[in-house]
Amino acid sequence: MGLNKPLLFALSDAPTGQRNLITDVAGVTVGHKTIVTDRLQTGVTVIKPCQDNIFREKMPAAAHVINGFGKSTGLVQIEELGTIETPLVLTNTLSVGTATTALVKRMLAENPEIGLSTGSVNPIVMECNDSSINHIRDLGVTEEDVNEAFAAASSEFAEGGVGAGTGMRCYELKGGIGSASRKIKIDDQTFTMGALVMSNFGLSTDLNIYGRAIGKKIVDNKDSKEKGSIITIIATDIPFNSRQLKRIAKRSSIGITRSGSFSGNGSGEITLAFSTANRVSHFPEHELSSIQAITDDKIDRYFRITVDIVNEAILSSLAHGKTTPDRDGKPLLGLKDALAQLGNDQDALALRNELGL
């Protein structure tokens, strides 16, 4: 998964994980529910950070808002406490409420103490607007769809126009879900960093892959106003603290802009980063805690990996995107088909080879 070819012009020489997916981070699983009818092209994607009870054993986390044109839930508490305590749910903008209810019900069922002997729960739901492809006003996502995405969670998952990425477009081509990972050695141990994106951003005129301004050639009827979004999830088993994860999350913006984006006024661009190390007990036995952390003076190589996995995840979402009709029935081209339409154009031929299309 990920790209079929190694990322060209990588900032880091770290090798890819076994699957080149965010699920190369041990314990992380991803599930999709894809909804396609005569009017709906939407869905749900779930990221489970662990297989045990994350409410009782929370994870260090941080969120970074690159541009705040978004309706995600749960970010305020993450900013204050630096932890996550639920799985992450991705869906379309107008289904955030439904997804939140489904997630809360799941957490209540797993944790009978919530709201009784302890406080409430902070559900994390993140979104992009898929209304250019999906009839979003139909409110087509149900709680059962969220539950089915949970049931499908696995270490193997599809990319492109699936799950929450079904109705997304990127640089005016078919976008959606993309992922990538890297392995890195620290002392005598091997760790992993992975990224998953839901790409729904960018103007075609700005698309630049590996220094080739291909977007100017491949899309007709170009938009003049940026109005998309991108959600980025970064997972790792490296023992970063929440402050360091905030710094990691900030570097995602560099990975996003490497393909040409400028983070426009109407683009909701939000990143959440978490570590599966340094678990934080909801019911601590001791007042003092002891955690590991990377030395800040050595953190640059993790910044490099962050930029690479976010960049590759975006390119992978484009590479896996398949031509699909938009809301009005007009074909929205996948990158592979768009490049094929350019025939013997030298930039198109080069990118097909460089991306493994």
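Begin by selecting helix 2 together with strand 5 (88-92) and strand 6, where helix 2 lies across both strands and runs at about 155° to strand 6. Helices (H or I, at least four residues) and strands (E, at least two) are DSSP runs numbered from the N terminus, and angles run from 0 to 180 degrees between N-to-C directions, with axes fitted to C-alpha atoms, for helices over the stretch in contact. This is a predicted model, in which local features need pLDDT of at least 70 and side-chain atom pairs count only at pLDDT 80 or more, while totals for chains, interfaces and linings use all residues. Residues are numbered from 1 along each chain as its sequence is written, and side-chain values use heavy atoms, with hydrogens and water left out.

Next, add helix 3 (residues 143-151), which packs against helix 2 (residues 96-110) at an angle of about 60°, their axes 8 Å apart. Colour the residues that make this contact (heavy atoms within 4.5 Å): Thr-98, Ala-99, Thr-101, Ala-102, Leu-103, Lys-105 and Arg-106 on helix 2, facing Glu-143, Val-146, Asn-147 and Phe-150 on helix 3.

Now turn to the sheet, which is open and has four strands in the order 1-2-5-6 with mixed pairing, two strands being paired if DSSP finds at least two bridges between them. Strand 1 (29-36) and strand 6 (124-128) are at the edges with a single partner strand each, so one side of each has no neighbour in the sheet. From one strand to the next, the twist averages 15°.

Finally, select strand 1 with strand 2 (residues 41-48), an antiparallel pair joined by eight bridges, and find Ile-35, whose bridge partner in strand 2 is Thr-42.
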